[in-house]
Amino acid sequence: MQSEIFEVSAVDFLNYEYKKLPLLLNIQYHMSNIQRIGLMTSGGDSPGMNAAIRAIVRTAIYEGLQPFGIYRGYQGMIEGQIKALQTTDVSNTIHRGGTILKTARSKEFMTEEGMKKAYEQLKKHDIDALVMIGGDGTFRGAVEFFKRFDIPAIGLPGTIDNDLNGTDFTIGFDTAVNTAIQAIDKIRDTADSHDRVFIVEVMGRDAGYIALYSGIACGAEHIFIPEKAESLDMIIDHIQDDQLRKKLTNIIVVAEGDEFGGAQELSRLLLTKIPGLETRVTILGHVQRGGAPTCNDRLLSSRLGYAAVQALLAGKKNEMAGLINGEICFTPFDQCVKTRKPFPDDMMKIVDVLTK
Ligand code: F6P
């Protein structure tokens, strides 16, 4: 059998070898100018932020980009706390609460001078795109910053409060609700043993998502949220009616931002109106911000972190990646914080029926 002889020019050979190089090095090439991505967490930490950081770092490296961690949110950006990240920096972090990049609430960033300093630091470190993970304050800051400075950025919703438009759920909400549920279930055991009224305050700033979801999931007798005004007289009637029916276990879940001013104040009001009532107050507080993220939060973070890098490479900017009806979608920063996020209709309706 005769073997075939191919004539290969030196240029063809080099071309061929050159094209093989990315495959050999496991590098993906893309058409974008972006090379150095800065990423940060800002505002209150939320469980799942580390899983999001991991997804961003690993996707960026897979795409041949260099990720940089910006430590302590916008404040760290102003101060130039910026360091290159490798894939090993995010090893063993997917299951950890908090944020390995630390976080902060920066007042300085909300000044013209602060934003200018932050931009100068980004230029100094040749950062040509950003991914920010945070909540309401982070996106309000972003709206102002990107009005003044042009650098492509994608945001991820990271807050236990679930108060951002443009996504059904924010990173950390599911974990926080599950933490609240575990605590409230335990409180029910003791409430039931003593026939007492327990008032449990949950976080959420001025949003009632954690209260609504944990209240329904724990079978609370009353749920107070800032989004729905309640008449104190009606609540008092309910509790007195419960007492007549000898239904003495009463769990009231109240959002910290509720019009009554939280659990302590609600308890004080009830005690002045219902003589002989015995109440106990529990404020769950920052326990809701910690702990290992749930499966839902880890998946949400991983999907959104991957999507953020891909979006930047596709030329998207100044939008938040979210999940609506299971699909990744993008919403301009200003739209995410413009209006109060509505509740799904059925959630409000079932509260009236199931809390009776
Ligand atoms: O936004 C998250 C959140 O935990 C809110 O629910 C709460 O009102 C606030 O942060 C508490 O903030 P800090 O940790 O700064 O006291």
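Let's start with S46, which sits in the loop between strand 1, residues 36-41, and helix 2, residues 49-62. Keep in mind, everyone, that this is a predicted model. Is S46 buried or exposed? With a relative accessible area of 0%, S46 is buried. And what does S46 touch, once we set aside neighbours within four places in sequence? The contacts are G98, G158, T159, I160, I171, G172 and R289.

Now, over to the sheet. Here we have four strands in an open arrangement, ordered 7-8-6-9, with parallel pairing. Strand 7, at 222-224, and strand 9, at 279-283, are the edges; each has a single partner strand, so one side of each has no neighbour in the sheet. From one strand to the next, the twist averages 15°. If you'd like to look at one pairing, take strand 7 with strand 8, residues 250-255: they are joined in the parallel sense over three bridges. H222, for instance, has I252 in strand 8 as its bridge partner.

Next, the helices. Helix 9, residues 263-273, lies across strands 6, 7, 8 and 9, and runs at about 170° to strand 9. Its axis and that of helix 8, residues 232-244, come within 11 Å and cross at roughly 65°, so the two helices count as roughly perpendicular to each other. The crossing is right-handed. Which residues meet there? From helix 8 we have L232, I235, I236, I239 and Q240, and they meet L266, L269, L270 and K273 of helix 9. Sorted by class, that contact has seven nonpolar residues, one polar and one charged.

That's my tour, thanks for listening!

Technical notes: Residues numbered from 1 in each chain as written. Predicted model: local features only at pLDDT ≥ 70, side-chain atom pairs only at ≥ 80, totals over all residues. Heavy atoms only, no water. Pairing = 2+ DSSP bridges. Axes fitted to C-alpha atoms, helices over the stretch in contact; angles between N-to-C directions. Contact = heavy atoms within 4.5 Å. Buried < 20%, exposed > 50% of the residue type's maximum accessible area, 1.4 Å probe, protein only. Parallel < 35°, antiparallel > 145°, perpendicular 65-115°, else oblique. Left-handed = near helix turned anticlockwise from the far one by under 90°. Nonpolar A, V, L, I, M, F, W, Y, C, P; charged D, E, K, R; others polar.
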